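Here is a short report on how one sheet is built and what packs against it. Some individual residues follow at the end.

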Amino acid sequence: MKKVLIFTNQLLYRYHNAALAAQMYPTISDKLNNLNNYDALLLPGGEDIEPSLYGQDNFASRGIDRQLDEKSIEAFLHFFHHEKPVLGICKGLQIINVALKGTLIQDIPNHMCTDSDNAHIVKMQAKNCFFDKCPSDFYVNSFHHQAIDVLGKDLFITFTAPDGIIEGIQHKIRPVAAVQWHPERLKGGMKIFQTFNNLI
């Protein structure tokens with residue numbers, strides 16, 4: 001099985017179990033000294049990113065762990081420059097965007113919902129290899145109060161919410177993609193992990 005690094009300092013077993021179910025061999029770690037041992041990177045959800053990392057003062061961000069943010073960006077750039085697959089989920093999407101010089105909206109209304117799998121619809125904006133098994137529109141869960149503002153370099157939008165919030169991105173050249181929702185908690189979400197495994 002392919003070795004996947006889930007880069008976090010928390011024991012996030014939903015991601016671990018989803019990767020296992022998709023026939024990957026996952027490791028949860030925030031260590032930077034053995035990145036070459038892994039075939040792919042999964043950047044999971046979490047708290048907000050330190051706003052100074054994308055050139056803003058903090059006026060609505062919370063739960064910040066700057067050290068983890070800086071290490072997550074470093075890990076992403078390592079896999080990015082080695083052209084290894086990266087999947088970002090929720091905060092992971094935002095880390096990818098910030099690492100590629102994009103910015104975030106620090107607070108948005110109506111996206112921090114309950115545990116419902118049917119928080120809102122997302123619509124596909126561009127067909128691509130990461131999400132080729134997804135329908136053109138479907139319901140997702142939603143647990144974020146921040147979102148992409150300025151898109152990072154060479155990223156394109158794959159999904160949006162009805163209010164225009166960016167819900168999915170992919171890189172134009174490298175095997176990098178991310179979603180703003182949580183497929184590890186979603187019925188049918190395994191398709192994304194299986195596609196990720198197929199690209200490794």
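Strand E1 (residues 2-7) and strand E3 (residues 40-43) run parallel and are joined by 3 bridges. Within this pair, Val 4 stands opposite Ala 40 in E3. Strands (E, at least two residues) and helices (H or I, at least four) are DSSP runs, numbered from the N terminus. Two strands pair if DSSP finds at least two bridges between them.

The model is predicted: local features need pLDDT of at least 70, side-chain atom pairs count only at pLDDT 80 or more, and totals for chains, interfaces and linings use all residues. Residues are numbered from 1 along each chain as its sequence is written, and side-chain values use heavy atoms, with hydrogens and water left out.

**The sheet**

The sheet is open and has 9 strands, in the order E2-E1-E3-E4-E11-E10-E9-E6-E7. Its pairing is mixed. Strand E2 (24-29) and strand E7 (137-140) are the edge strands, and each pairs on one side only. On average, neighbouring strands are turned by 25° against each other, direction ignored. In general, strands of a sheet pair through backbone hydrogen bonds, either parallel or antiparallel.

**Helices on the sheet**

H1 lies across E1, E2, E3 and strand E4 (86-89). Its direction runs at about 160° to E2. Helix H3 (residues 91-99) also packs on the sheet, touching E3, E4, strand E9 (155-160), strand E10 (166-171) and strand E11 (176-179). The direction of H3 makes about 120° with that of E4. Axes are lines fitted to C-alpha atoms, for helices over the stretch in contact; angles run from 0 to 180 degrees between N-to-C directions.

**Selected residues**

Buried means under 20% relative accessible area, exposed over 50%, and partly exposed in between (1.4 Å probe, protein chains only).

| Residue | Element | Relative accessibility | Class |
|---|---|---|---|
| Leu 20 | helix H1 (residues 13-21) | 36% | partly exposed |
| Ser 29 | strand E2 | 14% | buried |
| Asn 197 | helix H4 (residues 190-199) | 14% | buried |

What surrounds Ser 29? Leaving out residues up to four places away in sequence, Ser 29 touches Leu 5, Ile 6, Phe 7 and Thr 8. Contact means heavy atoms within 4.5 Å. With the same sequence exclusion, Asn 197 touches Lys 2, Ala 22, Gln 23 and Met 24.

Leu 20 also belongs to a nonpolar surface patch with Met 1 and Tyr 25. Together they have about 330 Å² of accessible area. Patches are made of residues with over 30% relative accessible area and no salt bridge; nonpolar side chains are joined within 5 Å, like charges within 9 Å. A salt bridge is a side-chain nitrogen of Lys or Arg within 4 Å of a carboxyl oxygen of Asp or Glu. Areas come from the Shrake-Rupley method.

Notes
Accessible areas come from the Shrake-Rupley method with a 1.4 Å probe; for residues, only the protein chains shown count as cover.
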